[in-house]
Amino acid sequence: MLPQDPAAALTELRELFDLQRNAFAREPSPSAGERRGHLDALCRLLRDNAGEIAAAIDADFGHRSLYETRLLEIFPSLEAARHAKARVGRWMRPERRRASVWFWPARVEVVKQPLGVMGIIAPWNYPLYLAAGPLASALAAGNRVILKPSEFTPRFGALLRDLVGRYFARERVAVALGGVELARAFAQVPFDHILFSGSTAVGREVMRAAAENLTPVTLELGGKSPAIVARGFPLKVAAEKIILGKCLNAGQTCIAPDYALLPQGTEEAFVEEARRAVGRFYPEGAASADYSAIINSRHHERLTSLVEDARQKGARVIELSAGGSGPGRRMPPTIITGVDDGMRIMQEEIFGPVLPVRTYRELGEALGYVGARPRPLALYYFDYDREGIDRVLAESISGGVTVNDTLFHIAQNELPFGGVGPSGMGHYHGQDGFNTFTKRKGVLLQSRLAGTRLLQPPYGKLAERLLRLMLR
Ligand code: NAD
């Protein structure tokens, strides 16, 4: 399914980059109407081919719920494009700012300019949304784009390449396919900006490669995102929402709640509520049509060994659905209690349908636990008390937060999306995405009556008087 031979893929990548660079030099600044046209093409691509896209992702996963693909990939991709299309004219407008009083009557403004050719590297877990979302931002900002899907979703990658070829000129958007060798070469291309979504380890490699060209990077990485439940919060509600956040795409979601922190003494009740929630969502357990598979056997083995490591070190492993594993690589939703930091499950990002739970005595202890660890991509807090919510918002740092639910902050195009420290750098979505892919150029428009003439050499009495005023 991967193209030809690696050498041909590399040559093609270089040609594509030159082609887009030259096209950018010829037409550096598409109008708002042209940008809306590109966003429209993206909407049509998504709408006309939704069924084929879902089928390709299903085949790559060995089972991906068709509803999940429509709800969590096609819909947010369309929303991102529609949101940008409706606002791009406004986002593009130069921003008038106030000139420093010493320079009056000069005027200043921020002019928005496309950066050029963008490289977008997508992971396998949401192969469409994590390519189409950044693409919508980059197109709104007037750029040209080369997308690089993951080698773990080869059918989807081939389809995307075909669709992009049908809906866009190669000078505007193109898809590069290949294995790890191409991925490495991709990060070495002197793009004007790279947006990478993927693991923290590979993010580091991408940044290292981009540093050679001083290519700016936006890194959308992962990590262990906690879900904290306040004392007194209804466990049924918390369990249902945490379990859903954990089970969508079988937990292979960058912002899935990784582990839960519960008030001491509530663990057993939480497990029972989680079991009931799984029964409601997935009546046939891991075999349910709405429950997705693990992407490949390497990840399946990794997850099984994380659970085994915890079991061997004394944790209790509780499968939440009857019937064990489903067909293929489907792993039952699982809770692990009695965990400690010596277990791998509390050290590595899980990225699967396994939820370790820990307990805390008071909120400060839970916040201390989170604060002592790498800054997470997302944090979930369940509390109906505004004081508690404000405390958690003030005393924790994470990429984003959903209060009293999970995942949904990602679907807000008015909010910046991005991690902090090891969970990422930079933001996109909505206007923040437009800004990421835009050069915001500061411009001063000097006036014919420029007062700066009064401060030119040879400096005399007037300059002396003025400087005294200025240095007061
Ligand atoms: P990955 O880092 O293995 O791969 C991501 C992409 O990088 C793929 O396209 C891959 O081909 C490419 N790649 C691999 N080696 C490379 C190299 N040396 N140079 C350049 N590119 C290279 O990640 P994955 O396994 O596909 O995805 C899972 C990880 O991604 C998880 O850690 C998850 O949390 C994270 N993630 C983050 C976000 C986010 O928006 N923050 C979204 C999805 C996934």
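A residue counts as buried when its relative accessible area is under 20%. In this predicted model, five of the five residues of strand 6 (residues 193-197) meet that description, so strand 6 is largely enclosed by the rest of the structure. The side chains of strand 6 are divided between two directions, with H193, L195 and S197 pointing one way and I194 and F196 the other way, and all of these residues are buried.

**The six-stranded sheet**

Strand 6 belongs to an open sheet of six strands, arranged in the order 5-4-3-6-7-15 with mixed pairing. Strand 5 (173-175) and strand 15 stand at the edges of this sheet with a single partner strand each, so one side of each has no neighbour in the sheet. Helix 7 (residues 180-188) packs on the sheet, where it touches strand 3, strand 4 (144-148) and strand 6, and its direction makes about 155 degrees with that of strand 4. Strand 6 runs parallel to strand 3 (residues 117-121), to which four bridges join it, and it also runs parallel to strand 7 (residues 217-220), again through four bridges. Within these pairings, I121 has F196 of strand 6 as its bridge partner, I120 stands opposite L195 in strand 6, and L195 in turn stands opposite T218 in strand 7.

**Domains and nonpolar cores**

The domain assignment divides the chain into domain 1 (6-92 + 112-221) and domain 2 (226-416). The contact between them takes 20 residues from domain 1 and 24 residues from domain 2, while their centres, taken over C-alpha atoms, are separated by 30 Å.

The largest nonpolar core has 89 residues, and those with the most contacts inside it are I53, L147, F168, I255 and F270. Each of the two domains, domain 1 (6-92 + 112-221) and domain 2 (226-416), contributes at least three residues to this core. Another core, of 29 residues, lies apart from it and includes A310, M331, V339 and Y381. When neighbours within four places in sequence are left aside, L147 is in contact with I120, A131, L135, L160, V164, V173, A174, V175, A176 and F186.

**The seven-stranded sheet and its helices**

A further open sheet has seven strands in the order 10-11-12-9-8-13-14, and its pairing is mixed. The edge strands here are strand 10 (316-319) and strand 14 (400-403), each of which pairs on one side only, and the twist averages 20 degrees from one strand to the next. Strand 8 (residues 226-229) and strand 13 (residues 378-382) pair in the parallel sense over three bridges, and Y380 in strand 13 is the bridge partner of A227. Helix 9 (residues 235-247) packs on this sheet and touches strand 8, strand 12 (354-360) and strand 13, with a direction at about 175 degrees to that of strand 8.

In helix 12 (residues 363-371), the buried residues are L363, A366, L367, Y369 and V370. Seen down the axis of helix 12, these buried residues fall within an arc of 155 degrees, so they line one face of the helix. Their cover includes strand 8, strand 9 (259-263), strand 12, strand 13 and helix 13 (386-395).

**Backbone features in loops**

The loop between helix 9 and strand 9 holds N249 and A250. N249 is buried, with a relative accessible area of 0%, and A250 also counts as buried at 0% relative accessibility. Their positive phi values, in residues other than glycine, are listed below with two cis peptide bonds.

| Feature | Value |
|---|---|
| Phi of N249 | near 55 degrees |
| Phi of A250 | about 50 degrees |
| Omega, W104 to P105 (cis) | near 5 degrees |
| Omega, P457 to P458 (cis) | near 0 degrees |

P105 has its place in the loop between strand 1 (95-97) and strand 2 (107-114), whereas P458 is in the loop between strand 16 (438-445) and helix 15 (461-470).

**Surroundings of H427**

H427 is found in the loop between strand 15 (424-425) and helix 14 (430-436), and at 34% relative accessibility it counts as partly exposed. Not counting residues up to four places away in sequence, H427 touches T218, E220, P416, F417, G418, D432 and T436. One of these, P416, is eleven residues from H427 in sequence and 5.6 Å from it in space, C-alpha to C-alpha.

Technical notes. Residues numbered from 1 in each chain as written. Predicted model: local features only at pLDDT ≥ 70, side-chain atom pairs only at ≥ 80, totals over all residues. Heavy atoms only, no water. Core = buried A, V, L, I, M, F, W, Y, C linked by side-chain atoms within 4.5 Å. Buried < 20%, exposed > 50% of the residue type's maximum accessible area, 1.4 Å probe, protein only. Domains from an automatic or database assignment. Contact = heavy atoms within 4.5 Å. Pairing = 2+ DSSP bridges. Axes fitted to C-alpha atoms, helices over the stretch in contact; angles between N-to-C directions. Arc of directions from axis to C-beta.
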